Amino acid sequence: MTSDVLGRRALNRALLARQLLLERRRMPAVAAIEHLAGMQAQHPTAPYVGLWTRLAGFEHAELARLLTERAVVRIALMRSTIHLVSARDCLALRPVIQPGLDRALKGTFGRSLDGVDMADLAATGRALVEERPRTFNELGESLAERWPGRDPLALAMAVRTSVPLAQLPPRGVWDAGGVAVHTTTESWLGRPLAGDTAPDEMVLRFLAAFGPATVMDAQTWSGLTRLREVIDRLRPRLRVFVTEDGKELFDLPTAPRPEPGVPAPVRLLPEYDNLLLSHADRTRVMCDAHRGRYMAERGPMRGSVLVDGFFRGLWKIERGRGRATVVVEPYERLTAADAEAVTAEAAALLTFAAAGAREHDVRFLPVR
């Protein structure tokens, strides 16, 4: 049975449709977060921009309320990085992701933790953060009193791996600031984690938000390994395509796959947006030359500019003396029409992200 071949633009348009980036949708923020299977959230305010660029009429107060009312949670999940997920997904996904968290901890802090009784460490850490919410520094210092001579950061990270820790508001609340303090998700949400650790449903969620995709793509997004056997188990429920170089792609049969020629508007993505991080082969949104330069960028990751659905450069907001400026750094020369569209989108972003500034401006850096 011959599988359909999907080229780069076809994969791009499918991804944009799944990621709510072909047109701004009218839907509740929590529904969008669940549809996206979570949002990367290392930068506390990134999900606000990520929702603004995807949803019509989104306002800061909606997400702030979801955080303070415990309807969404900030927690380490896929790739052992901080994600914003619904409370329901937090409880369901955290047990599934556990093997990826364990592997990440071993790769980074394995030597520092050699010989430590991990069950004892987890129980001690759980008791400490349930006694009162703590920062990682506070948690590590308290644990080091019990395990003197050990790296406090390694001890704290081991607890984060073994015990599901939620970052509490005001962390992540727009304009509220605050350091990251943690307690257990069970304590914060008042409910236990789900008992099912099979990744099947999670893989289907990934395909709904990021497909069509290869097995390696699913592993890149989740941080898990050995997902080939999961895909093989799900194969009767999936539609199979192939890339132009012959790799198998899997997808939900009824998921949107727009025509490659469908127009894609300019979009400004926040720092660390999952659109750019969730595939082993990122050429559906970023060429290899741009990827190499993007990954080599120094300092905190900046937001990304999409033109015609593809990565074309970076942006950031600079503030000072009552002025807020979106600074755009193109990775290649833009046409006059594309530059005008980027300017308009950046100006709209400023009304959302820098409403308090007296003056707004958009500035383009020269192409390097």
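So, cavities: the structure holds two of 30 Å³ or more. By cavity I mean a set of points, on a 1 Å grid over the protein atoms alone, where a 1.4 Å probe fits but cannot get out. Volume here is the space filled by probe spheres set on those points, with grid points joined across faces, edges and corners.

Quick caveats: this is a predicted model, where local features need pLDDT of at least 70, side-chain atom pairs count only at pLDDT 80 or more, and totals for chains, interfaces and linings use all residues. Residues are numbered from 1 along each chain as its sequence is written, and side-chain values use heavy atoms, with hydrogens and water left out.

Okay, the largest cavity comes in at about 70 Å³. What lines the largest cavity? Gln 19, Leu 36, Gly 38, Met 39, Gln 40, Ala 46, Pro 47, Arg 54, Phe 210, Pro 270, Asp 273 and Asn 274 do, each having an atom within 4 Å of a point. Strand 2 (39-40) and helix 3 (46-52) each chip in at least two of the lining residues; these are DSSP runs numbered from the N terminus, H or I with at least four residues for helices, E with at least two for strands. By class, that lining has six nonpolar, four polar and two charged residues, and Gly counts as polar here.

On to the second largest cavity, at about 40 Å³. Its lining is Arg 74, Ile 75, Ala 76, Ile 82, Phe 136, Arg 160, Leu 165, Gln 167 and His 182. Strand 3 (72-76) and strand 5 (165-167) each supply at least two of those, and strand 3 gives the most, with three. The split there is five nonpolar, two polar and two charged.

Conventions:
1 Å grid on protein atoms, 1.4 Å probe; cavity = no way out; pocket = protein on both sides within 12 Å on 5 of 7 lines; lining within 4 Å.
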